[in-house]
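Got a minute to go through this one with me? I'd like to know what stands behind each label.

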Amino acid sequence: MTHLPSRLAKVSARDVNVHYGEKHALKHVDLDIRANEVTALIGPSGCGKSTFLRCINRMNDQIENAHVSGALTLDGQDIYDKGIDVVQLRARVGMVFQKPNPFPKSIFDNVAYGPRIHGLARDQAELDEIVMTSLEKAGLLTEVRDRLDEPGTGLSGGQQQRLCIARAIAVSPELILMDEPCSALDPIATAKVEELIDELRENYTIVIVTHSMQQAARVSQRTAFFHLGELVEVADTEQIFTNPQHPLTQGYITGRFG
Amino acid sequence: MTLFILTVVLLALTVLGYRLGRGRALAVVEGHPRQLHSLPSYHGYWVALWCGLPALAVISAWLAFEPALLHALVLAALPAELQALSDERLALVYNEVRNVARHGHPASSAAVAEAARHYASLRQILFISVATGALALAVAGLAHARARITVSLRTRNRVETIIRVFLIAASLVAILTTVGIVLSLLFESIRFFQAVSIWEFLFGTSWSPQMAIRSDQVGSSGAFGAVPLFAGTLLIAGIAMIVAVPLGLLSAVYMSEYAAPKFRAIAKPLLEVLAGIPTVVYGFFAALTVAPFLRDAGSAIGLSVASESALAAGLVMGIMIIPFVSSLADDVITAVPQSLREGSYGLGATKSETITQVVLPAALPGIVGGVLLAASRAIGETMIVVMAAGLAANLTANPLEAVTTVTTQIVTLLVGDQEFDSPKTLAAFALGLVLFTVTLALNVVALSIVNRYREKYD
């Protein structure tokens, strides 16, 4: 496993371990996430891929008795440093969840939520601008332009998930974490979100956890395969799917287990 | 005692019926229960029900009609001079007859002693015939049902039907009781409104519920304008809500979002103990501790506070209903999906931003429901206001004065000896009806809000 020069790595993990109480959920993970690429984390359930994802924006802080050790840096800055403000970290690292979770607010207020709490807009016009661009980037604007004041929970599942992506984009993050963003969506909505991920790559670095290997193959440039809390193999997506080096990876992608 | 023995014998017969029915079912298929339409135990239950239910019906009918029947028969057999007495006197005589016959009291006259003997023998005959009849019915039912058992008899369906009927009957008891209460309130209120107009009752501003015993009495005319009572009730309930809603909500937020599980496990039950304190204890706490304290504190800063002030009652009532608000709010806040919180944290929101901007709005319908339930509780609360709020029907918005409430007035109107044809007494029913309507409406609104909220996140 080769490491990239750190100037190319947006996120860099060295010997990252996560314990949930007694359980050793993530073991000695070394992984670099390159800027402006989509990195897919794949592996069977319980392999630690979501755990790793949630380390990057310190979402594991929410979980009681979760303990993270090792070095995890964002642009060379230690994410777990005492001086790091979680609020600012999360403004730089957006997250999209498995189940669409729009707030019980209007579509506009859902997107405006982040900019408002971070004070990103000086006046209403600027806020409008941010919301519109975010919805536009998330490919949702044409569908919701006339009903921005309707509740976000009234949208379809796929629209809700794109609303959540717009909400994440609105804070102008550098990195977007996606935790199985399509697992609750139908194939058409999934296709739209995948298309969106591909477009977003231009301006953002994306890490996506997925159960679907086809999805990993379709949207990502790099793929990391996790198994039982360990990072087994990471390589260019094409290589992982055509010429996996590790027998476990080969077994997983050919469907022998997982 | 004899009734007890009869019941035991019947129960034994029923158990026997179960065993016989079950055995018979197995015998019919020669020990291959899979051929039966219903399991052997269902055949057993079916025979047991045939054995027990008709006999039970006979005994219940006897218990219900025995007194009336005995009354009629004994009175008919009384000597003519006793029968000629007025109804009230006759009732006294009959009472004496019963006491002589059942409790061995000495009889005051030969006629009464004779009637008592008659009463006792009639009672004996009735019981023996009922007992024989019931037991015969039980045995006959058992034999009849047992004889009808065949391979294809659908006893399972029949037993299930009977069980359903029992369950319906059980829930009907509660529903019918409610209906009965409402009807009695309604009828007495209608009688009240024949004496006092609805308009005067609902909108009159003077409350002085007295009725003249003699027409020339001083102050003979009462005033039944209930507005001061409604105002007093709302004032006290309002003060209570002002205390309970913020305290309850804030403690619910703390318990559900901030408190460590260990602390929560101890503190939540402790908070809920407040709901378990008898209201009479709150009442004397309000009357003997809080009210004097407020009066002294008021006079220290030059305010005149009545020794029975709305403020004292409202404050204590507010403490009492804190658990209603906090417990329900805690439940709905906890029910807000974790994914919403994570969504907010994921955007870099702090804990308090997440709570005020995402969690509370999501939980709002449930919180409103809890607050309305607490309000209905506050409006209907009696003991605290009886003890601490006073009886003066002042129409005032000043919480430092004494006011009275609907519930307090109902208590005062009905305590002691009352004639049930005077508007003074009947007014209590009209007040009860208003109270019931208001709290019912609040409960219905609250529950529908809570339910709509629950549907959303399931």
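Q: What makes residues 229-250 of chain B count as helix or strand?
A: This is a predicted model, and in it residues 229-250 of chain B are 100% helix and 0% strand. The C-alpha atoms at the two ends sit 31 Å apart. The stretch is also on UniProt's list of transmembrane regions for chain B, in an unreviewed entry, and such annotations may be inferred rather than shown by experiment.

Q: What about residues 125-145 of chain B, helix or strand?
A: Here, too, the chain is 100% helix and 0% strand, with 30 Å between the end C-alpha atoms. UniProt's unreviewed entry lists residues 125-145 as a transmembrane region as well.

Q: How do you know what helix α5 of chain B should span?
A: Count 1.5 Å for each step, with one step less than the number of residues. For the 39 residues of α5 (110-148) that gives 57 Å, and the end C-alpha atoms are 56 Å apart, so the two agree.

Q: Why are residues of α5(B) such as B:Tyr119 and B:Leu137 called buried or exposed?
A: Buried takes 20 or more other C-beta atoms within 10 Å of the residue's own. B:Tyr119 and B:Leu137 are among the buried residues of α5(B), along with others including B:Val112 and B:Gly141. Their packing partners are α1 (2-28), α2 (40-77) and α4 (87-103) of chain B.

Q: What makes the buried residues of α4(A) line one face of the helix?
A: The buried ones are A:Ile130, A:Val131, A:Ser134 and A:Leu135. Looking down the axis of α4(A), they fall within an arc of 125 degrees, so they share one face. Their cover includes α3, α5 (141-144) and α6 of chain A.

Q: And which residues on the other side of α4(A) are exposed?
A: A:Ala125 and A:Glu126. Exposed means 12 or fewer other C-beta atoms within 10 Å.

Q: How many residues does each chain bring to the contact?
A: Chain A brings 23 and chain B brings 14. On the chain A side, α2 (86-92), β6 (93-96), α3 (107-118) and α6 (157-169) each supply at least two residues. That side divides into 12 nonpolar, seven polar and four charged residues.

Q: Which domains does chain B have, and how far apart are their centres?
A: The domain assignment gives domain 1 (2-153) and domain 2 (223-457). Their C-alpha centres lie 51 Å apart.

Conventions:
Residues are numbered from 1 along each chain as its sequence is written. Chains are lettered from A and ligands numbered from 1 in the order in which they are written. This is a predicted model: local features need pLDDT of at least 70, side-chain atom pairs count only at pLDDT 80 or more; totals for chains, interfaces and linings use all residues. Domain bounds come from an automatic or database domain assignment. Helices (H or I, at least four residues) and strands (E, at least two) are DSSP runs, numbered from the N terminus. Two residues are in contact if their C-beta atoms, placed from the backbone, lie within 7 Å. Ala, Val, Leu, Ile, Met, Phe, Trp, Tyr, Cys and Pro count as nonpolar, Asp, Glu, Lys and Arg as charged, and the others, Gly among them, as polar. The arc is that of the directions from the helix axis to the C-beta atoms.
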